[in-house]
Amino acid sequence: MATQTAGTGVPRRPFGRAGDRVSIVTLGGWHSVARVPFEKADESESIRLMHAAIDEGINFFDNAWDYHDGYAEEVMGRALAMDGKRERVFLMTKNCERDYAGSVQNLEDSLRRLQTDRLDLWMFHECNYDNDPDWIFERGAMRAALEARAAGKVRYIGFTGHKDPRIHTKMLGKTRDWDASLMPINVMDAQYRSFLNEVAPACHEMGAAPIGMKGFGGGWPNGRILERMGLDPRELLRFNLSQPVVSQVVGIKDMAQLKVAVEVARGFVPMSEEEQDALLDSVKTEAGDGRYETFKSTNEHDGPHHRKQHNFAVA
């Protein structure tokens with residue numbers, strides 16, 4: 001994938017068929033306001049982290065309507081409202097509803113919290129269940145997204161999910177209007193419900209931007225893949241960035257993690273096929289049952305909002 005180095009030294013790649021160029025590392029919205037799960041960080045520290053990320057050259061910011069019950073969007077909105085920083089960021093957030101009215105409300109909530117009049121990328125969040133693709137189209141959510149794009153409130157439309165690549169391919173087959181898809185990309189993925197093998201190529205074929213997440217198998221530094229392999233996160237992030245993705249969302253919690261992510265991005269040299277094959281071969285057996293990708297194999301990572309939406313027990 002074509003990569004261009006920005007003036008800050010952080011490489012950028014073209015966003016699908018669009019003309020925008022985004023940093024190869026994306027600042028994850030969930031982790032940027034939390035230090036441990038479900039415990040909010042000091043807001044001033046979160047804002048300082050976001051500002052530092054922009055100054056270091058990360059211009060792709062991630063968020064979602066339900067992250068910390070809207071708190072993540074609120075803090076990011078306050079951070080981006082300062083000194084014109086919103087204009088320096090390609091801003092993504094996510095819609096949690098499947099119907100028309102709920103989607104319209106989600107959008108208005110997100111715009112208000114993020115203190116902006118438009119989103120660069122609006123994603124349907126957690127398309128993890130077999131009926132999500134049908135619901136999004138049949139219940140009016142996609143109509144709301146297309147109307148928002150026509151009105152200039154949304155520039156690009158996409159969807160996310162972490163459960164099964166077949167749901168992603170079903171979504172991609174619904175329309176050519178997709179601009180992006182967010183999916184798990186990591187060293188374990190190739191052996192179990194592989195998004196890299198099944199979804200990323202389909203995105204490229206239609207000109208949509210594949211974006212990676214779940215690169216460490218969970219949070220940093222305690223992600224399951226990091227624990228299993230005993231590797232420096234730099235090597236895993238380098239592997240993720242060597243895949244055909246536009247950017248990799250990284251759950252950066254503090255300045256030390258930001259420094260590592262920026263160093264990897266600035267010094268990025270793609271892994272050779274031989275290096276990648278050796279890494280993939282070293283985890284081939286254990287990767288086959290999804291034990292290190294529990295977001296695929298269990299309901300541990302499923303958001304309560306979406307489970308309630310489908311009348312499932314909350315994990």
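## Helix α5 and its surroundings

The buried residues of helix α5 pack against four elements: α3 (100-114), β9 (119-124), α4 (132-138) and β10 (154-160). The model is a predicted one. Helix α5 spans residues 141-150, and its buried residues are A141, M142, A144, A145 and A148. Viewed down the axis of α5, these buried residues fall within an arc of 155°, so they line one face of the helix.

Just after α5 comes G152, which takes a positive phi of about 85°.

## The barrel

Two of the elements packed against α5, strands β9 and β10, also belong to a barrel closed by eight strands. The order around the barrel is β4-β7-β8-β9-β10-β11-β12-β13, and the pairing is parallel.

One of these pairings joins β12, residues 209-213, to β13, residues 247-250, in the parallel sense over two bridges. Within this part of the barrel, I211 stands opposite S247 of β13.

## Helices α10 and α12

Two packed helices are described by the angle between their axes and the distance between those axes. For helix α10 (residues 233-241) and helix α12 (residues 273-282), the axes come within 11 Å and cross at roughly 115°. The crossing of α10 and α12 is left-handed.

On the α10 side, E235, R238 and F239 make the contact, and on the α12 side E275, Q276, L279 and L280 do so. By type, the residues of this contact divide into three nonpolar, one polar and three charged.

Notes
Residues are numbered from 1 along each chain as its sequence is written. This is a predicted model: local features need pLDDT of at least 70, side-chain atom pairs count only at pLDDT 80 or more; totals for chains, interfaces and linings use all residues. Side-chain values use heavy atoms; hydrogens and water are left out. Two strands pair if DSSP finds at least two bridges between them. Axes are lines fitted to C-alpha atoms, for helices over the stretch in contact, and angles run from 0 to 180 degrees between N-to-C directions. A crossing is left-handed if the near helix is turned anticlockwise from the far one by less than a right angle, and right-handed if clockwise. Contact means heavy atoms within 4.5 Å. Ala, Val, Leu, Ile, Met, Phe, Trp, Tyr, Cys and Pro count as nonpolar, Asp, Glu, Lys and Arg as charged, and the others, Gly among them, as polar. Buried means under 20% relative accessible area, exposed over 50%, partly exposed in between (1.4 Å probe, protein chains only). The arc is that of the directions from the helix axis to the C-beta atoms.
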